[in-house]
Amino acid sequence: MFWIEFATVLIAIFVGARLGGIGLGVMGGIGLSVLTFIFNLQPTSPPIDVMLMIVSVITAAAAMQAAGGLDYLVKLAEGLLRKNPNRITFYGPIVSYLFTLVAGTGHVCYSILPVISEVARETGVRPERPLSIAVIASQQAITASPISAATVALLGMLTPYNFELIDILMISIPATFFGVLLGAFAANKMGKDLKDDPEYQKRLKEGKLTVKSDSTNKEVPTSAKISVGLFVLGAFAIVMFGSFASLRPVWNVGGEMVKMGMPATIEMVMMAIAALILIFAKVKVEDVAKGNVFSAGMQAVIAIFGIAWMGDTFFAANMDYLGGGIKEMVTNMPWLFAFALFVLSILLYSQAATVRALMPLGIALGLPAPALIAMFPSVNGYFFIPNYPTVVAAINFDQTGTTRIGKYLLNHSFMIPGMVATIGAVSMGFLMISILF
């Protein structure tokens, strides 16, 4: 019966991934219904807190976007990149990483990619190099951002084991940043120089290349600056509340002192920040829901709702079966669980959905929380098959044609920097937990 139930879960994930968008979540609902009504598995509780945390963060980020905050950040990034064009392969991914770290969503890199491509071409640098690692950097930063859906999902699961946000960040931030730098070194060696690339020379002769105007001199409205300031203030507040538990309120409940948890803290802070942006940046409420940040975030919520609930139900019902040889195997070789996270992320196209679907199994199998944090960056596997939106966007933004999928599908521009960055981040994570814990 186990294998039939397992096949049901895999089919739901596969079909949902093919449908894309909210398809992943609703297919999880079908899989959960089959497990419950046909195989009589008792459903677990849906991941309400995780979904509410994501909703609050996305609402604040979408309000900032509606106020022009993301455009303001892009202007700052463009100014930096144009001042240091010869280092674009390293500065490009660093900017992409920092943007995602602050915003909590990798979709902010859409605005930076055309700037990176143009600056690289103007300098004679093969655009494939900075573009590929910039996309990977935006993915890695998701597992380092204190307000990303993936991080808050992991935090929600580790909080009962006395692990705070600071425990995750002090491993994931240096580990992923190291991975990105390592990936940048690898990307810097990829392909021929631009002047020697036949595809670029062909497009140059055919007159297919256009020049993007420099937007660094455009006036930025005060409302955009206010929105960015408020959003950064919210992110800083979350880091402080997560790092210093004594800052959070405590109540006497039945003679026992109970401290407010981080899920509720994140929800309150980010909803308050969204409200302040609406008020002080004078954002139209209807514009908040029109941006791609809000749309992508809500799709993530639905995906987590269906897939995570289905996965939790399956693992809870079959833990006796899974807890045998598998437990001993992953305990002795934890990298196997990191490999499983990587493979599942390829199917789910979501770090948060992967965390919610598989991390509970790692906890149930007895893997130490520090090891799970070290393996956290391995959920960044959705570059492997080159059809994720940010990957496709980078290919389209490169007018020189150097950033491409490749003849054999998997020999695309993002494979080498992606694998180097992910392996480097996980390896550094394990090194750090051996020192810190």
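**Exercise 1. Burial along helix α8**

Task: List which residues of α8 are buried, then find what they pack against.

Solution.
Step 1. Go along the helix. Ala-149, Ala-150, Thr-151, Val-152, Ala-153, Leu-154, Leu-155, Met-157 and Leu-158 are buried in α8. The model is a predicted one.
Step 2. Set this against the length of the helix. Helix α8 spans residues 149-158, and nine of its ten residues are buried. The helix is therefore mostly covered, since buried means under 20% relative accessible area.
Step 3. Look for the partners. The buried residues of α8 pack against α3, α7 (128-142), α9 (165-187), α12, α18 (351-364) and α19 (369-375).

**Exercise 2. The nonpolar cores**

Task: Find how many residues the largest nonpolar core has, and which of them have the most contacts inside it.

Solution.
Step 1. Count the members. The largest nonpolar core has 129 residues.
Step 2. Pick out the best-connected ones. Leu-158, Ile-266, Ile-277, Phe-337 and Val-355 have the most contacts inside this core.
Step 3. Ask which element gives the largest share. That is helix α3 (residues 48-66), with eleven residues.
Step 4. Check for another core. A second, separate core has six residues, including Tyr-97, Leu-101, Ala-144 and Val-180.
Step 5. Return to Ile-277. Leaving out residues up to four places away in sequence, Ile-277 touches Ala-60, Ala-63, Met-64, Ala-67, Ser-227, Leu-230, Lys-282 and Val-283.

**Exercise 3. Two positive phi values**

Task: For Asn-40 and Lys-282, state phi, place and exposure.

Solution.
Step 1. Start with Asn-40. Its phi is near 60 degrees, a positive value in a residue other than glycine.
Step 2. Place Asn-40. It is in the loop between α2 (23-38) and α3.
Step 3. Judge its cover. Asn-40 has a relative accessible area of 67%, so it is exposed, the cut-off being over 50%.
Step 4. Look across space. Asn-40 and Ala-317 are 277 residues apart in sequence, yet 9.9 Å apart from C-alpha to C-alpha.
Step 5. Turn to Lys-282. It is not a glycine either, and its phi is positive, about 55 degrees.
Step 6. Place Lys-282. It sits in the loop between α12 (262-280) and α13 (285-288).
Step 7. Judge its cover. Relative accessibility is 73%, so Lys-282 counts as exposed. Lys-282 is also one of the residues that Ile-277 touches.

**Exercise 4. Two residues of helix α21**

Task: Are Pro-417 and Ser-427 buried, partly exposed or exposed?

Solution.
Step 1. Locate both. Ser-427 lies in helix α21 (residues 415-436), and Pro-417 is found in α21 too.
Step 2. Take Pro-417. Its relative accessibility is 0%, so it counts as buried.
Step 3. Take Ser-427. Its relative accessible area is 43%, so it is partly exposed.
Step 4. Find the contacts of Pro-417. Apart from neighbours within four places in sequence, they are Ser-132, Ile-133, Ile-136, Gly-183, Ala-187 and Met-190.
Step 5. Read two distances between C-alpha atoms. Pro-417 and Val-180 are 237 residues apart in sequence and 8.1 Å apart in space. Ser-427 and Pro-93 are 334 residues apart along the chain and separated by 20 Å.

**Exercise 5. Leu-113**

Task: Describe where Leu-113 is and what it touches.

Solution.
Step 1. Place it. Leu-113 is in helix α6 (residues 113-123).
Step 2. Judge its cover. Relative accessibility is 1%, so Leu-113 counts as buried.
Step 3. List its contacts. Not counting residues up to four places away, Leu-113 touches Leu-131, Ala-134, Val-135, Thr-390, Ala-393, Ala-394 and Phe-397.
Step 4. Add a distance. Leu-113 and Ser-96 are 17 residues apart in sequence and 8.6 Å apart, C-alpha to C-alpha.

**Exercise 6. The whole protein**

Task: What radius of gyration does the protein have, and what would a compact globule have?

Solution.
Step 1. Compare the values. With 437 residues, a compact globule would have a radius near 22 Å; the protein has 22 Å, so the two agree.
Step 2. Add the box. The C-alpha atoms fill roughly 70 × 50 × 45 Å along the principal axes.
Step 3. Count the elements. There are 21 helices and two strands.
Step 4. Check burial. Of the 437 residues, 54% count as buried.
Step 5. Check the contacts. Among those with a separation of 6 or more, 81% join residues 24 or more positions apart.
Step 6. Finish with charge. There are 27 positive and 24 negative side chains, and the centres of the two sets lie 9 Å apart.

Methods:
Residues are numbered from 1 along each chain as its sequence is written. This is a predicted model: local features need pLDDT of at least 70, side-chain atom pairs count only at pLDDT 80 or more; totals for chains, interfaces and linings use all residues. Side-chain values use heavy atoms; hydrogens and water are left out. A nonpolar core is a set of buried Ala, Val, Leu, Ile, Met, Phe, Trp, Tyr and Cys residues joined through side-chain atoms within 4.5 Å. Buried means under 20% relative accessible area, exposed over 50%, partly exposed in between (1.4 Å probe, protein chains only). Helices (H or I, at least four residues) and strands (E, at least two) are DSSP runs, numbered from the N terminus. Contact means heavy atoms within 4.5 Å. The radius of gyration is taken over C-alpha atoms; the globule rule is 2.2 Å times the number of residues to the power 0.38. Lys and Arg count as positive and Asp and Glu as negative; His and the chain ends are not counted. The place of a charge is taken as NZ of Lys, CZ of Arg, CG of Asp or CD of Glu.
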